[in-house]
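Student: Got a minute to go through some labels with me? I'd like to know what backs each one up.
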Amino acid sequence: MRLQFVLSEIGIGLRRNLTMTIAVIVSVALSLALAGGSLLVRDQVNSMKGYWYDKVEVSISFCTKFDMAASAQCASGAATDEQVESVKAKLDTMKPLVEKATLESSSEAYKHWKESNPDNPLLAAVGPEAMPQSWRVKLSDPTKYDVIQSAFAGKPGVKSVDDQRRILENLFGLLNGLQTAAFVIMVLMLFVALLLIVNTVRVSAFSRRRETGIMRLVGASNFYVQMPFIAEAAVSALLGAVMASGLLLLGHFFVQHWLAKRVLFIQFIGLSSVLTVIPLLVVVGMVMAGIAAFFTLRKYLKV
């Protein structure tokens with residue numbers, strides 16, 4: 001009987017404040033969708049870091065005859081075979097940090113450069129001899145690039161020591177910035193949702209002040225009086241969480257069936273990550289709404 005009464009009061013409250021209830025549902029849905037999106041972006045960035053950092057290499061480039069005038073490091077001319085082999089011998093002593101070292105010849109470097117720059121006007125003027133040969137070094141721990149840098153920078157015949165990981169830092173910085181922006185917007189939307197929940201509960205309580213007054217006169221406990229209002233807020237938040245979950249699933253469908261086919265260099269996270277976030281959104285939404293309603297009604301019941 002009591003459960004039936006609570007459920008009937010929930011339905012009455014939601015219908016009486018239909019406009020504000022819809023506003024609460026939409027605002028909760030948007031804020032939770034942004035929260036879930038922020039968590040998924042974090043997972044995507046971590047996944048990309050693990051994937052790409054495992055593939056990046058340190059490049060030890062050697063001087064060519066064209067670098068004599070442009071670089072003081074290469075003033076003595078092109079690197080000799082002995083200098084190239086001495087670097088390899090040094091790399092062999094740095095295991096297990098150095099997992100693998102592969103020599104890229106000038107012709108191979110030219111071929112790769114030509115493939116990545118097919119429309120470059122310099123192709124007609126630059127030949128393979130202008131491209132430096134280099135050791136491509138795979139590290140067991142890519143964060144220890146400085147060890148290779150200090151060991152080989154400035155050595156005879158070495159033009160530069162470059163870390164490919166630095167190329168990715170700008171991309172990850174952009175993604176982290178997007179994650180931060182989503183988090184800030186999420187906080188603002190949650191604040192708006194809380195204000196709407198508080199106002200909705202106040203309006204609902206005021207419109208039913210006669211019923212709650214009678215309930216208190218006949219000895220109903222505060223919790224029994226509060227329960228329908230708290231449940232209304234929780235149901236509204238639940239509907240908002242369901243809508244947010246639908247938005248996340250729709251976003252996942254868009255990423256997997258459209259974006260992933262066009263952005264092939266990114267390994268996107270799977271459906272399991274989305275399904276892991278959805279229960280968290282439901283819990284956060286309902287708890288947030290319930291707590292906001294509870295503290296709002298504590299003040300109201302003292303009147």
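Student: Which residues of helix α5 are buried?
Tutor: This is a predicted model, and in it the buried residues of α5, which spans residues 145–152, are Tyr145, Ile148, Ala151 and Phe152.

Student: How do you know that the buried residues of α5 line one face of the helix?
Tutor: Look down the axis of α5: the buried residues fall within an arc of 135°, so they line one face. Over on the other side of α5, Asp146 and Ser150 are exposed.

Student: What makes aspartate 92 and lysine 88 a salt bridge?
Tutor: The cut-off is a nitrogen-to-oxygen distance within 4 Å. The closest N and O atoms of aspartate 92 and lysine 88 are 2.7 Å apart, so the pair meets the definition. They sit four residues apart in helix α3, which separates them by about one helical turn.

Student: Why is lysine 138 called buried?
Tutor: Buried means under 20% relative accessible area. Lysine 138 comes in at 13%, so the label fits.

Student: And what makes glutamate 99 partly exposed?
Tutor: Partly exposed covers the range between under 20% and over 50%. Glutamate 99 has a relative accessible area of 48%, so it belongs there.

Student: How do you know that glutamate 104 and arginine 136 form a salt bridge?
Tutor: Their closest N and O atoms are 2.9 Å apart, and that is within 4 Å, so it counts. The pair links distant parts of the chain, with glutamate 104 in strand β2 and arginine 136 in strand β3, 32 residues apart.

Note on methods. Residues are numbered from 1 along each chain as its sequence is written. This is a predicted model: local features need pLDDT of at least 70, side-chain atom pairs count only at pLDDT 80 or more; totals for chains, interfaces and linings use all residues. Side-chain values use heavy atoms; hydrogens and water are left out. Buried means under 20% relative accessible area, exposed over 50%, partly exposed in between (1.4 Å probe, protein chains only). Helices (H or I, at least four residues) and strands (E, at least two) are DSSP runs, numbered from the N terminus. The arc is that of the directions from the helix axis to the C-beta atoms. A salt bridge is a side-chain nitrogen of Lys or Arg within 4 Å of a carboxyl oxygen of Asp or Glu.
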